[in-house]
Every structure is written in structure tokens, then in C-alpha cells.
Amino acid sequence: MTSHRYILKSVFAAGLLSASLAAFAKNPTQQPISTHFARTQSDISMELTAHNFSDVELDEADNFDGYSAALELTVPFATDKQIRFSVPFYTKGDAYLKSNGQPIDIDGNGGVFDYSTLQFEHQIYVAEEAGFNLAYTLGGGMRTAVLDTTVNDYYNHTGKIALLGINLDKDLHDGDTQLLLNAGVRYYFDADDLHPRGINSWVWADIKGAVVFKRWGRYVRPTLELSYLGGFNDYNALSLMPGLIVQVAETASLKFGGILGLTNDGNQRGVIGQLSVSF
């Protein structure tokens, strides 16, 4: 009887360990910087992100170089549902007016192509049954602060956005590697001083793919992300972002990456860092 109890306890402990490792694999502190897991989180998470950018084109200015910071909060409220709140809270840089080449400074408590948004996410497939996790997302937002300039003009002083997308993730190589895909659309409307072609409403595809590779030692995991933002016509921003996830605690990580623009649109080069905490 004792041996049977020991075997049962061992099996139960192994099951708990396996479940714990599976949950840890989808821990938000272990996801890449820009691409999200489809599996609903079990904990609240917060990400503080900062990145620099170069040679970005806007409606009235070009060669925009600078940096931006944003905060994201994700709150699960069911086993398969969560909400994600994102807010870019500071941008600063310098650019040149398209009209006459005059250098200007641009700064403000907002973002550029990223607005403050609220999204609802619902997981509809789980890996234990389908072999992959799949969720749909929908939401919207608006610009929350203008970008001021040194020529008595405001950029991004109005604008709203509607969001729709699908997130997928799948374990590879017995869980050592994760594959992630986020495919969505952004509908910008009532916007001003933002689109490089001077239009006030447009639809862009927002596609991100990532691979989280096997650990290097106990605390470091390399990642590789590929992102596309554009309309497959007159604006196409394609970027490659290799990175590292450094686990500094069970519920906290530091993430670092480089940004390499593969097309003439969007950010041409930069670095990015993120502090991710769950609780």
C-alpha cells in the first residue's frame, strides 16, 4: 500500500510539474517583445517598453529620428478571456520639414503610429485539444496626446483606430521552442499629420511572427521576430528583430532586441528594451 501511495504521489507530482512548466512556457514574461501568445494568461502582467527609431516618414516631416516609450497592462478575467490596455506615453525626436527642409524638434506624451488602445482577447482553441492555441482579438483606441513641434504646429493631434486580429502559438520540439503568429488589421480614421501620403483614413495589415528558441543555460532565451505594417501598396514597413529574454525572477524578465528595417518605409534601425512583470 505504501509503495502504491508513493507511486501515486510521484505521478501526481510529475503531473503538477509538467503543468507548471507548460504554464511557465506561456508566462507573459517569456513571450517576445512585440508578438503575443494566444493562450490566455493566468496572471496580470505589465510591460514597460522603450525603443529608438530612425528615418521615419510622416505626413509633413521626414527623417524622423528619436525614441518612444509605452506601457501595456494585460488582465485575464476568465480561463479563456483577457483585456489588454496599451498606452504610448512619450515620444521625442528631430526631423526635417518636407516643404523646405527646415530642421524641427518633435515631442509629446503620445506615440506616432501607435495609439492608446483597449483590446478584448478570447481564446477559442487550446493546444491540449487542437495542437495549438488560437485567439481572436478586437478593440480600438485613439490618440491621447499631441506631438508638439518647434514650428508652432501639432502632429497627430487627432485620430482613432479600430483593431481586429488573430493570435496563434504552438510548441515545437517537445516544448523547447515556441512559434507565434499575430495577424490583424488596423483601421485608422479621423487622423491628421500622420500618414506619409497625407490621407486621413486608411487600413493597414499588422502582421507579426516570432520564434522563441531553446534556452541558453538557465535564464536566457533567444528570439527572432519579423513584423509588417502597411497596406501592401504605397506603404510597406517590414522589420527584423533578433532579441534575448533574460529571466531575472520567476515573474520578471528583461528583454532586449535590435531593429533592422528591410524596406524603405518605417523604422530603419534601432534598439528596443522591455521590462516584463507578472503578478
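These legends walk through several close-up views of one predicted model.

**View 1. Strands β5, β6 and β9 pair side by side.**
Let us start with β5, residues 116–125, and β6, residues 133–142. These two strands pair in the antiparallel sense over 9 bridges. To find your place, look for E121, which stands opposite T137 in β6. On to the next pair: β6 and β9 also run antiparallel, joined by 10 bridges. Here G141 faces I161 of β9 as its opposite number, and M142 stands opposite K160 in β9. As you trace any of these strands, remember that side chains in a regular strand alternate between the two faces of the sheet.

**View 2. The β9–β10 hairpin and its turn.**
β9 spans residues 160–172 and β10 spans residues 177–189. The two are antiparallel partners, with 13 bridges between them. One handy landmark is L168, whose bridge partner in β10 is L181. This hairpin has 4 residues between its strands, and H173 takes a positive phi near 55° there. D174 lies in the loop between β9 and β10, and its phi is near 60°, again a positive value in a residue other than glycine. That is worth a second look, because most residues other than glycine have a negative phi.

**View 3. Two aspartates in two loops.**
Which settings do D174 and D193 have, buried or exposed? D174, in the loop between β9 and β10, has a relative accessible area of 85%, so D174 counts as exposed. D193 sits in the loop between β10 and β11, the latter covering residues 202–212. With a relative accessible area of 6%, under the 20% cut-off, D193 is therefore buried. Phi of D193 is positive too, near 55°.

**View 4. From β10 through β11 to β12.**
Next along, β10 and β11 run antiparallel and are joined by 11 bridges. V185 has A205 of β11 as its bridge partner. β11 then pairs with β12, residues 220–230, in the antiparallel sense over 8 bridges. In this part of the view, K208 stands opposite S227 in β12.

**View 5. Inside the largest nonpolar core.**
The largest nonpolar core holds 24 residues. Which of them touch the most other members? They are L58, F64, I106, F113, Y155, Y188 and L194. At least two residues of this core come from each of β1 (45–56), β2 (61–78), β3 (81–97), β4 (103–108), β9 and β11. A second core, separate from this one, has 5 residues, including F37, L180, A210 and I245.

**View 6. The neighbours of Y155.**
Now zoom in on Y155 of the largest nonpolar core. Leaving aside residues up to four places away in sequence, Y155 touches L58, E60, A61, L97, I104, I106, V146, L147, T149 and D193. Look for D193 in this list: it is the buried aspartate of View 3.

**View 7. The second largest cavity.**
Rolling a probe the size of a water molecule over the atoms shows where empty space is left. In this model, the count is 3 cavities of 30 Å³ or more. The second largest has a volume of about 40 Å³. What lines the second largest cavity? Its lining is made of P88, G110, G111, D114, Y115, S116, R143, T144, A145 and N156. Sorted by class, that lining has 3 nonpolar, 5 polar and 2 charged residues.

Conventions: Residues numbered from 1 in each chain as written. Predicted model: local features only at pLDDT ≥ 70, side-chain atom pairs only at ≥ 80, totals over all residues. Heavy atoms only, no water. Buried < 20%, exposed > 50% of the residue type's maximum accessible area, 1.4 Å probe, protein only. 1 Å grid on protein atoms, 1.4 Å probe; cavity = no way out; pocket = protein on both sides within 12 Å on 5 of 7 lines; lining within 4 Å. Points joined across faces, edges and corners; volume = space filled by probe spheres on them. Nonpolar A, V, L, I, M, F, W, Y, C, P; charged D, E, K, R; others polar. Pairing = 2+ DSSP bridges. Core = buried A, V, L, I, M, F, W, Y, C linked by side-chain atoms within 4.5 Å. Contact = heavy atoms within 4.5 Å.
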